[in-house]
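Visitor: I have a model open and would enjoy a short tour of it. Could you take me through a few of its features?

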Amino acid sequence: MAQNDPSPDGRLHGRERVNSRIVGISLAAALGGFLFGFDTSVINGAVDALAEEFALNAGLKGFAVSSALLACALGAWFAGSLANRYGRLPVMVVAAILFFVSAVGSGLAFGVTDLIIWRMVGGLGVGAASVIAPAYIAEVSPARVRGRLGSLQQLAIVTGIFVALLSNALLASISGGAADPLWFGIETWRWMFMVEALPALVYGLMALGLPESPRFLVARGREEEAARILHVFTGVTDTDSLIERIRDSIRREDKESFRDLIGRRFGLKPIVWIGILLSVFQQFVGINVIFYYSTTLWKSVGFDESSALLTSVITSVTNIIVTILAILLVDKVGRRKMLLAGSFLMGISLAMMAVAFSFAQLTTLADGTTDAQLDAPWSIIALISANVFVVGFGTTWGPLVWVLLGEMFPNRIRAGALAVAAAAQWIANFAISTTFPVFSDISLTFAYGFYAFFAVLSFFFVWWKVPETKGIELEDMTEDLETRPRI
């Protein structure tokens with residue numbers, strides 16, 4: 001770590017190199033995001049095969065895909081209070097165990113009922129990881145690079161999505177298709193689920209070696225341990241001053257509870273509502289439709305199963321690249337400007353997808369569902385628009401919502417408020433992914449038009465209500481951050 005003169009309160013000025021140790025522990029914590037992305041996307045390549053094996057209609061198919069998301073909301077809801085009571089690290093370890101059990105159970109499912117149960121077990125882990133990783137990274141990061149380190153959560157998520165899609169494509173190419181038997185006569189789609197057990201094991205082992213959050217340690221009176229972590233990992237030299245500021249920020253309440261989130265506006269504090277709405281808008285633009293149903297989507301524009309899986313992988317790689325771009329920009333440009341730009345780009349691209357699918361040729365299948373096929377040039381327009389949408393989301397709303405949720409709440413309510421916002425995100429995710437098969441049966445133009453409407457609405461929400469948090473220390477976050485319209 002390069003040495004510079006610290007500010008009086010222990011913070012470092014902006015030109016020193018980032019301590020490699022803080023990057024290392026942030027990456028390890030973000031591995032929960034990798035499993036988050038893998039677990040929620042792995043069903044992409046398996047959904048058609050399992051729907052055929054278990055004879056699922058459109059509604060049950062949608063629920064099989066999205067059932068885990070209800071458990072995600074439950075896992076997120078309780079993760080905050082558990083993290084406050086027992087620490088961030090034990091919750092990470094429990095999440096890893098849930099991921100492992102879900103991977104094996106889903107791969108060995110006898111029917112759709114126990115498949116849904118095992119997927120929900122994994123959902124509990126996903127929900128917990130979605131709360132703990134951004135909170136932990138924010139709490140161990142220096143303010144000037146907190147956006148970059150917080151964005152590692154989204155990079156891990158999209159990398160998990162990529163690995164899941166790549167794994168699905170490779171397994172399907174070896175066997176000939178997701179419904180065909182692979183090793184030991186077990187269907188390929190089952191192996192798609194079981195592959196997740198390996199990264200789940202790695203995550204659990206890495207979590208055991210991480211230092212605890214210094215903010216949690218101060219709240220529990222373990223100040224010497226907190227000082228050591230702040231010095232060794234975060235690079236703070238005047239740890240006494242910073243610990244005093246942390247202590248002051250949480251002193252008003254001995255124990256955080258959900259009562260601290262209660263306010264006069266519809267029952268919650270305004271800053272909590274902003275977090276909830278950020279989460280809802282992130283999902284209501286329809287991003288997870290692209291990843292949960294991308295193989296099915298690309299079949300509709302003329303690709304066979306193998307090509308559709310490959311195209312899904314390419315889309316995922318695009319998402320990784322633009323997330324890296326977001327990491328480079330977030331602490332320079334700021335959160336608000338990037339979110340506004342993302343809303344604009346997503347609105348345009350989703351509107352173009354809605355227009356393109358208005359020219360689709362519809363065919364009613366034997367199970368009563370509707371199959372849509374696009375011819376040139378609209379198939380190309382849909383393909384380009386979908387990838388432009390991924391670029392717009394991946395550089396802005398994907399990583400920045402997690403950054404904001406990890407940093408925008410005051411210390412005293414951070415874990416609880418983040419838990420509520422993350423639970424809202426998973427409920428919104430469930431609503432969108434469950435309704436997509438029904439929406440698509442109505443019309444893909446209707447579906448993408450719906451998502452385009454919320455992309456446009458998100459622009460005005462950011463303009464009027466979302467505060468800029470770039471460069472603000474966690475101890476300086478308040479419940480009434482400036483939210484007047486500004487660029």
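Visitor: Are Phe284 and Phe454 buried or exposed?

Guide: Happy to start there, with the note that this is a predicted model. Buried stands for under 20% relative accessible area. Phe284 and Phe454 are both buried.

Visitor: Which kind of aromatic pair do Phe284 and Phe454 form?

Guide: Phe284 belongs to helix H12 and Phe454 to helix H19, so their pair ties together parts that are 170 residues apart in sequence. The ring centres of Phe284 and Phe454 are 4.9 Å apart, with 75° between the planes. Planes over 60 degrees apart count as edge-to-face, so the pair of Phe284 and Phe454 is edge-to-face.

Visitor: Nice! Is Phe450 buried, partly exposed or exposed?

Guide: Phe450 in helix H19 pairs with Phe439 in helix H18. Phe439 counts as buried at 13% relative accessibility. Phe450 has a relative accessible area of 23%, and the range between 20% and 50% is called partly exposed. Phe450 is therefore partly exposed.

Visitor: Which element gives the most to the nonpolar surface patch?

Guide: The patch covers about 720 Å², and its residues include Ile97, Phe100, Leu108 and Leu205. H4 and helix H8 are the elements that give two or more residues to the patch. With four residues, the element that gives the most is H4.

Visitor: Where is Leu108 found?

Guide: Leu108 is one of the patch residues. Leu108 is partly exposed, with a relative accessible area of 45%. Its place is the loop between H4 and helix H5.

Definitions and conventions
Residues numbered from 1 in each chain as written. Predicted model: local features only at pLDDT ≥ 70, side-chain atom pairs only at ≥ 80, totals over all residues. Heavy atoms only, no water. Patch = residues over 30% accessible without salt bridge, like charges linked within 9 Å, V, L, I, M, F, W, Y side chains within 5 Å. Areas by Shrake-Rupley, 256 points an atom, 1.4 Å probe, with all protein chains shown as cover. Salt bridge = Lys/Arg side-chain N within 4 Å of Asp/Glu carboxyl O. Buried < 20%, exposed > 50% of the residue type's maximum accessible area, 1.4 Å probe, protein only. Phe/Tyr/Trp six-rings, centres within 6.5 Å; stacked < 30°, edge-to-face > 60°.
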